[in-house]
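This report covers a predicted model. It looks at how two chains meet, how one of them is built, and how one helix is covered.

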Amino acid sequence: MPETNGHNGQPPAGGANSGGDGNGGGGKLANVIAGAKAVHAKAHEELKETLKAPEKTDVWKSVLRVKHDETPRSRALGVLSNVFLHLHPAKINRDAVAYKYTWGMGGMTFYVYITLVFTGTLLMFYYHPSKVVAFRDILYLENDVPFGKLLRNMHRWGAHLMVIMVELHMFRVFLTGSYKKPREFNWVVGVLLLVLTLLLSFTGYLLPDDQLGFWAVTVGTNMARATPLLGHAGPFGPQLGMTPFNDVRFGLLGGSIVDSNALLRAYIWHCVAIPIIASLFMIVHFWRVRKDGGISGPAPVQLEREMKEPRKL
Amino acid sequence: MDLHQLWTILSTPDNVPIVLLLFVVPFYTWYGLRQAFANDRLIAELEANPEMAKTHHRKVQPYKQGWAKEVHVWPYLLRIEFLAAIIVTVILIVWSITLNAPLEEPSNPTLTMNPSKAPWYFLGLQEMLVYFDPWMAGVVMPSLIIIGLMAIPYIDANPLGNGYYTFKQRKFSILTFIFGFIVLWVSMIVIGTLIRGPGWMWFWPGTTWDHNRLIFEVNRDLPDIFGITGRIGKIVFGAIVIALYVAAAALLIHKLITRTEFNRKIYKRMSVLQYVVMQTFLVIMLSLPVKILARQLFRIKYVWVTPWFNI
């Protein structure tokens with residue numbers, strides 16, 4: 001009996017039980033101890049093997065799916081068969097990995113976006129989008145929540161950093177002419193992402209419900225009342241029946257002034273709607289980078305005399 | 001010289017990104033243009049020497065016969081991405097430890113902030129409010145900026161400079177973008193952040209923000225300067241002035257587009273639609289500095305006065 005127990009890898013307790021319900025006596029006890037020692041030795045052996053070559057265990061294989069070794073094929077598979085890394089190609093233009101060409105702004109923007117989603121989610125645990133408690137929640141966050149101040153600071157500065165990085169990314173893409181054929185449409189998606197980034201930052205501005213955010217959003221949304229045709233103070237707005245209570249600004253704020261409805265709307269746009277829309281556009285953006293032939297360069301320079309004739313419309 | 005005032009403005013937490021922008025934008029402009037000039041030297045060399053052009057690898061990056069054109073993403077790219085992520089994290093955490101996010105008093109609709117400023121990335125638009133009515137500065141112009149940016153790939157008929165830095169082969173487009181991005185967008189953000197004070201008045205850096213300051217400046221409408229008083233007269237006069245501006249600006253832009261031999265070549269490749277769209281956006285973009293000059297030099301408020309809108 002002890003042998004079978006050891007063979008199955010059962011804990012020694014099983015052996016002790018089977019000993020306890022039997023005849024009793026010194027011989028039995030010695031058997032149990034010997035069995036336990038055998039199990040222990042076997043477990044030790046198995047553990048040693050696992051530590052020596054963890055990649056050979058079933059658990060490891062089930063997680064990573066493919067074998068990894070020092071071959072070029074394996075390196076490529078390591079990227080291509082990984083859900084987080086498969087955005088990358090297996091190989092890339094040797095000069096494109098230098099920081100000089102890309103400035104790394106697109107990738108860093110995405111990374112900052114991820115940190116913003118992370119810190120933002122944590123902030124949501126402490127924040128109620130209600131005029132009564134919103135400001136007090138920020139005070140609570142700053143003074144009582146462990147690392148709450150750091151969390152809010154990281155979210156704030158991360159947002160500013162993201163806006164700067166997006167603009168620099170666009171600058172680089174323009175300077176390298178990367179919007180040219182076949183990447184025209186991806187530039188359009190990029191412009192939309194820039195707008196969404198600005199909107200994300202702007203909707204977040206109101207949420208602390210302090211004077212800074214309140215007046216910034218008041219100034220910002222006051223422009224909406226001057227929208228041509230759709231605003232009550234814009235050209236041809238009054239002629240079309242626009243009033244402060246039915247125009248586009250009313251729709252943005254959920255009221256005619258920046259108040260509790262505006263706070264709730266800003267919160268939902270900021271935390272749910274725009275992140276989802278932006279994520280969708282990011283998926284398209286990254287997908288198109290790959291489908292349009294990967295990153296644009298550094299490409300070999302073209303000469304003027306090699307310009308091809310324009311295609312006919 | 002009020003250094004304390006200057007420090008107050010520069011060290012306001014939400015202004016720190018602008019201070020960062022003041023360093024980062026010139027740096028990356030230099031960084032990009034330096035590579036552009038390096039490529040331009042190579043291009044000039046290859047243009048002059050067709051034999052060399054046939055065999056050259058056509059990059060300024062180091063090159064040796066037999067080097068693989070591509071490298072593995074793992075580890076050559078992923079290690080850089082990992083490093084970049086760590087560096088950004090460190091910067092963000094250090095920045096967050098050393099500088100607190102701003103938090104003012106609880107919002108109070110009865111107490112207006114003076115100056116009451118939009119977030120820094122919209123300060124260019126807020127600065128535009130000085131020169132245009134809100135429907136222009138706040139709605140039409142931003143929409144046109146977005147649409148105009150989206151149109152860029154479709155109106156740029158120049159096939160050169162695709163995937164490498166160059167200045168010589170894309171002078172017009174690069175100068176236009178730098179004009180729009182740095183001269184208009186970034187510098188107006190800087191003006192809105194660092195120079196505009198209480199009452200949105202102009203305070204040079206180092207002067208004290210005087211909340212009681214009054215400026216006695218009478219802004220005039222252009223029709224009034226010419227003594228036109230009737231409603232119809234003003235509408236017609238404004239329309240004529242705007243038409244004249246559009247014609248003059250379009251002519252100037254056309255001259256710029258067809259100035260050099262190379263530019264004329266590109267111009268010939270453009271379709272009529274491409275040309276018209278490009279002219280439209282450039283004429284509207286140019287109207288901003290023109291209006292700024294008209295206001296700053298001649299105190300002109302509106303050019304076209306109508307009962308429905310003013311420009």
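## Strand pairing across the chains

N93(A) has E70(B), a residue of β1(B), as its bridge partner. The two strands involved, β1(A) and β1(B), run antiparallel and are joined by three bridges. On the chain B side, the strand covers residues 70-72.

## The contact between A and B

Chain A puts 88 residues into the contact, and chain B puts in 87 residues. On the side of chain A that touches chain B, the elements that each supply at least two residues are α5 (72-80), β1 (91-93), α7 (105-124), α8 (134-143), α9 (148-175), α10 (184-206) and α11 (211-222). The most comes from α9(A), with 17 residues.

Sorted by class, this side of chain A has 52 nonpolar residues, 20 polar residues and 16 charged residues.

## The build of chain B

Chain B has twelve helices and one strand. Along the sequence the pattern is α-α-α-β-α-α-α-α-α-α-α-α-α. The globule rule gives 19 Å for 311 residues, but the radius of gyration of chain B is 25 Å, well over that value, so chain B is more spread out than a compact globule.

The C-alpha trace of chain B spans about 75 × 55 × 35 Å along its principal axes. Of its 311 residues, 24% count as buried. Among contacts in chain B between residues at least 6 apart in sequence, 69% join residues at least 24 apart.

## Helix α11 of chain A

α11(A) is among the elements of chain A that supply at least two residues to the side touching chain B. Does the distance between its ends agree or disagree with the span expected for twelve residues? At 1.5 Å a residue, α11(A) should span 16 Å, and its end C-alpha atoms are 16 Å apart, so the two agree.

This helix is mostly covered, with ten of its twelve residues buried. Those buried residues are L212(A), G213(A), F214(A), W215(A), A216(A), V217(A), T218(A), V219(A), G220(A) and T221(A). The cover over the buried residues of α11(A) comes from both chains: it includes α10 and α12 (248-253) of chain A, together with α6 (123-128) of chain B.

How values were computed:
Residues are numbered from 1 along each chain as its sequence is written. Chains are lettered from A and ligands numbered from 1 in the order in which they are written. This is a predicted model: local features need pLDDT of at least 70, side-chain atom pairs count only at pLDDT 80 or more; totals for chains, interfaces and linings use all residues. Two residues are in contact if their C-beta atoms, placed from the backbone, lie within 7 Å. Helices (H or I, at least four residues) and strands (E, at least two) are DSSP runs, numbered from the N terminus. Ala, Val, Leu, Ile, Met, Phe, Trp, Tyr, Cys and Pro count as nonpolar, Asp, Glu, Lys and Arg as charged, and the others, Gly among them, as polar. Two strands pair if DSSP finds at least two bridges between them. The radius of gyration is taken over C-alpha atoms; the globule rule is 2.2 Å times the number of residues to the power 0.38. A residue is buried if 20 or more other C-beta atoms lie within 10 Å of its own, exposed if 12 or fewer, and partly exposed in between; C-beta atoms are placed from the backbone. The expected span of a helix is 1.5 Å times one less than its number of residues.
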